[in-house]
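Me: Can you walk me through this structure one question at a time? I'm new to this, so keep it relaxed.

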Amino acid sequence: DIALERADVQVKFDGLDVRPRLALGVIGARNPVAGQEVRLANQMNYPAFVTRGELRVIEVDARGRGRVVQTQPLSPNGEVTVRAPASDVTRYYSYRVYDARGRFDETQPLSLSDLMGRGAPLIPVQQGDAVEEGIDTTATRRIPVYGGAVTVSGTNVGGGRTVNTLGEQIRADDQGRFVLQRILPTGDHLVDVNVSGGPRLGRDITVPNNDLFYTGIIDLTVHHSIENDLEDATGEAYDRTVERGRIAFYLKGKIKG
């Protein structure tokens, strides 16, 4: 922890706020013409749960019927090159990933123009320079993702330095900042942070199978009064006790993953 702090690097773990993200975006291109090469890349934060991925190209005819005309292997957080279609061709692109049992998640099919401006990440010219956008355009989600979210971030590590961590290589921006999040399955993990020209740090993390967070408040008010000028049916002084109580609680957790 001391070494991480001195290097301005933080490793954070959250076992309860696990949000899978999958998105397909364009790298660097603006308004491509027909036949021009366009680079597409995907961003996802749960590659540990998938075994393969593919880019799917769908063409839509004049009657609005779509069919898959091409599939191309595309690894998680990888990139691929396609050619912009002619203006009279309606073509959509989606990214699909599979787990070991054949279940798949898939992004919403979008045209190249949509990929450049409607919620999908417009990725910088160099994929490794991209700070994760935190965007999720998943349209179909069938892969169960469980475990914990590990976020590695840094400041003042040196502009343009390469950082290897969580099985990925990224590049710090001009201010020396970077951030990367991955969802890891339950169990023990060693998170390495290797900054080029700087320290190599490691931290052991255990992602629990069961994790609970809970808090509660008990409010109790008791008021007791005796009124001598008031009498009940027996002629005794009126003796009154008022009690008010409330219990409020919040619980969030996971059992067996």
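Me: Let's start with a single residue. Where is Asn77 found?
Reply: Keep in mind that we're looking at a predicted model. Asn77 has a phi near 60 degrees, which is a positive value in a residue other than glycine. As for its place in the chain, Asn77 is in the loop between E5 and E6.

Me: Does Asn77 count as buried or exposed?
Reply: The cut-off for buried is under 20% relative accessible area. Asn77 comes in at 16% relative accessibility, so Asn77 counts as buried.

Me: Let's zoom out. How many helices and strands does the chain have?
Reply: The chain has 257 residues, and 37% of them count as buried. Among contacts with a separation of 6 or more, 66% are between residues 24 or more positions apart. The secondary structure comes to 2 helices and 18 strands.

Me: In what order do the 5 strands of the open sheet come?
Reply: The pairing in this sheet is antiparallel. From one strand to the next, the twist averages 25 degrees. Reading across the 5 strands, the order is E5-E4-E7-E8-E10.

Me: Which strands stand at the edges of that sheet?
Reply: Look for strands that have a single partner strand, so that one side is left without a neighbour in the sheet. That describes residues 66–73 and residues 138–141, which are strands E5 and E10.

Me: How many bridges join E4 to E7?
Reply: E4 covers residues 52–60 and E7 covers residues 90–98, and the two run antiparallel. One opposite pair you can look up is Glu59 with Arg91 in E7. The number of bridges joining E4 to E7 is 9.

Me: Which residues touch the most other members of the largest nonpolar core?
Reply: This core has 25 residues. The elements that give two or more residues to the core are E2, E3, E4, E6, E7 and H2. The residues touching the most other members are Leu40, Tyr46, Leu55, Tyr93, Val97 and Leu115.

Me: How many residues are in the other core?
Reply: This core lies apart from the largest one. Among its members are Leu166, Ile170, Ala172 and Ile205. Its residue count is 17.

Me: Leu166 caught my eye. What phi does Leu166 take in the hairpin of E12 and E13?
Reply: Leu166 lies in the loop between E12 and E13, and the hairpin has 2 residues between the strands. At 18% relative accessibility, Leu166 counts as buried. Leu166 is not a glycine, yet its phi is positive, near 55 degrees.

Me: What is the bridge partner of Asn164 in E13?
Reply: E12 (residues 162–165) and E13 (residues 168–171) run antiparallel, with 4 bridges joining them. In E13, the partner of Asn164 is Gln169.

Me: And what is the bridge partner of Val163 in E15?
Reply: E12 also pairs with E15 (residues 187–195), in the antiparallel sense and over 3 bridges. In E15, the partner of Val163 is Val195.

Me: On to the rings. How far apart, centre to centre, are Tyr98 and Phe104?
Reply: The structure holds 3 aromatic pairs, and this is one of them. Both Tyr98 and Phe104 are buried. Their planes have 55 degrees between them, a tilted pair, and the centre-to-centre distance is 6.0 Å.

Me: What kind of pair do the rings of Phe213 and Tyr250 form?
Reply: Phe213 is in E17 and Tyr250 is in E18, so the pair ties together parts that are 37 residues apart in sequence. Phe213 is partly exposed at 44% relative accessible area, and Tyr250 is partly exposed at 45%. The ring centres are 6.2 Å apart and the planes are at 65 degrees, so the pair is edge-to-face.

Me: Last one: which residues is Thr81 in contact with, leaving aside its neighbours within four places in sequence?
Reply: Thr81 is in strand E6 and counts as partly exposed, at 38% relative accessibility. Thr81 and Leu40 are 41 residues apart in sequence, with their C-alpha atoms 6.1 Å apart in space. Once those sequence neighbours are set aside, the contacts of Thr81 are Glu37, Val38, Arg39 and Gln72.

Methods: Residues are numbered from 1 along each chain as its sequence is written. This is a predicted model: local features need pLDDT of at least 70, side-chain atom pairs count only at pLDDT 80 or more; totals for chains, interfaces and linings use all residues. Side-chain values use heavy atoms; hydrogens and water are left out. Buried means under 20% relative accessible area, exposed over 50%, partly exposed in between (1.4 Å probe, protein chains only). Contact means heavy atoms within 4.5 Å. Two strands pair if DSSP finds at least two bridges between them. Axes are lines fitted to C-alpha atoms, for helices over the stretch in contact, and angles run from 0 to 180 degrees between N-to-C directions. A nonpolar core is a set of buried Ala, Val, Leu, Ile, Met, Phe, Trp, Tyr and Cys residues joined through side-chain atoms within 4.5 Å. Rings of Phe, Tyr and Trp (its six-membered ring) pair if their centres lie within 6.5 Å; planes under 30 degrees apart count as stacked, over 60 as edge-to-face and the rest as tilted.
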